[in-house]
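Hi,

Here is the structure I promised to pass on. Have a look at it first, and then read on for what turned up around the ligand.

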Amino acid sequence: MAVRLQKLIASTGLSSRRKAETLIATGRVTVNGKVVTELGTKVEPDRDHVKVDGKHLNSAQPFVYLMLNKPKNVMSTLDDPGGRDTVKDFLHGVSVRVFPVGRLDFDSEGLMLLTNNGELAQALLHPRYHVSKTYLIKVKGVLTDSEIGQLQRGVKLEDGMTSPAVVKKIKRAEANSWLEITIREGRKHQVKRMLESVGHMVIKLMRVRMGPLALGNLEPGEFRFLTDREANALRALVEQRVTAVEQGEEPMAGPKRLVRREGWARPLRAKKNVGKKARTA
Ligand code: URA
């Protein structure tokens, strides 16, 4: 069946449909050896030879999305020159090449998203789209309301002020306490540095949420494929943020909406969905 050239290019994951149009318009696409610049040109995927920048278009590969509960003392990369364990060591039976979306420190644990959808990954990581990340942290000592207020409003780090955060007290003991903190940036060691700036050391850090995804009861070292609903929610979030930024709107409401004071609360939990078959999109 004939399809529009930009649709075919986008379906391989090489680019968005809009970017595919730019690739075509700027003469970077050939069909059967001839440069095609007309948008809307129809091609037969099984018959026509389409190249972008001289390279054959890969046959369309479905997108795969999975979440792993990265254990402590594991690199969040796919390989480590130092020979330490990496997230790849936990992806038993995953034949598609997926990439981690963002990083977690070696000694941090929790939700890591992995996908072969490069465009979506880039958008989720881009600071201007402000995708939220929630961390459950154990800190030395007990934060005062004034310290919590500082974190919520933003603290000064060596690379600049942090944006407003949401901080919830979870539980406290004599010598330490648990908090949940939601931020919309992804600077290196950001949560640890934020807490340090108000005089508290992070002893344990676990990412429990990323945008619409919740870690739930996934055990450290376990992974599962996202449900269709979760994958759709991720795509919808990215689309909504990209559109908002393109239209010059701030995708997020201002600090007033973000900053809430709460009493001691229960940490986030979500339904378990381990062992589901691969979901593709
Ligand atoms: N902030 C940190 O300090 N460390 C992480 O691993 C993630 C967020």
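Let me start with a contact to the backbone: an oxygen atom of the ligand has a backbone N or O atom of glutamine 190 at 3.4 Å. Lysine 192 does something similar, with a backbone N or O atom 3.0 Å from an oxygen atom of the ligand. Aspartate 105 takes part through its side chain, where an N or O atom is 2.7 Å from a nitrogen atom of the ligand. Taken on its own, the ligand has 240 Å² of accessible area, and the protein covers 95% of that. Please bear in mind that this is a predicted model, so every distance here is computed from predicted coordinates.

What else surrounds the ligand? Besides Asp105, Gln190 and Lys192, the residues around it include Leu104, Ser108, Tyr135, His189, Val191 and Leu205. Sorted by class, this shell holds four nonpolar, three polar and two charged residues. Helix H5, which spans residues 190–197, makes the biggest contribution to the shell, with three residues.

Now for the pocket. The ligand takes up the space of the second largest pocket, whose volume is about 630 Å³. Its lining is made of 31 residues, and those nearest the pocket centre are Arg103, Leu104, Gly186, Arg187 and Lys188. Leu104 is thus found in both settings: it is one of the residues around the ligand and one of those nearest the centre of the pocket.

Which elements supply at least two residues each to this lining? They are helix H3 (118–125), strand E10 (133–140), helix H5 and strand E15 (202–210). By class, the lining divides into 13 nonpolar, nine polar and nine charged residues.

Happy to talk it through whenever suits you.

Best wishes

Notes: Residues are numbered from 1 along each chain as its sequence is written. This is a predicted model: local features need pLDDT of at least 70, side-chain atom pairs count only at pLDDT 80 or more; totals for chains, interfaces and linings use all residues. Side-chain values use heavy atoms; hydrogens and water are left out. A residue is near a molecule or strand if one of its heavy atoms lies within 4 Å of it. A polar contact is a pair of N or O atoms within 3.5 Å; within protein, one must be able to donate a hydrogen and the other to accept it, and residues adjacent in sequence count only if both atoms are side-chain atoms. Accessible areas come from the Shrake-Rupley method with a 1.4 Å probe; for residues, only the protein chains shown count as cover. On a 1 Å grid over the protein atoms alone, a cavity is a set of points where a 1.4 Å probe fits but cannot get out, and a pocket is an open set with protein on both sides within 12 Å along at least five of seven lines; lining residues have an atom within 4 Å of a point. A molecule sits in a cavity or pocket if more than half of its atoms lie within 2 Å of its grid points. Helices (H or I, at least four residues) and strands (E, at least two) are DSSP runs, numbered from the N terminus. Ala, Val, Leu, Ile, Met, Phe, Trp, Tyr, Cys and Pro count as nonpolar, Asp, Glu, Lys and Arg as charged, and the others, Gly among them, as polar. Grid points are joined across faces, edges and corners, and a volume is the space filled by probe spheres set on the points.
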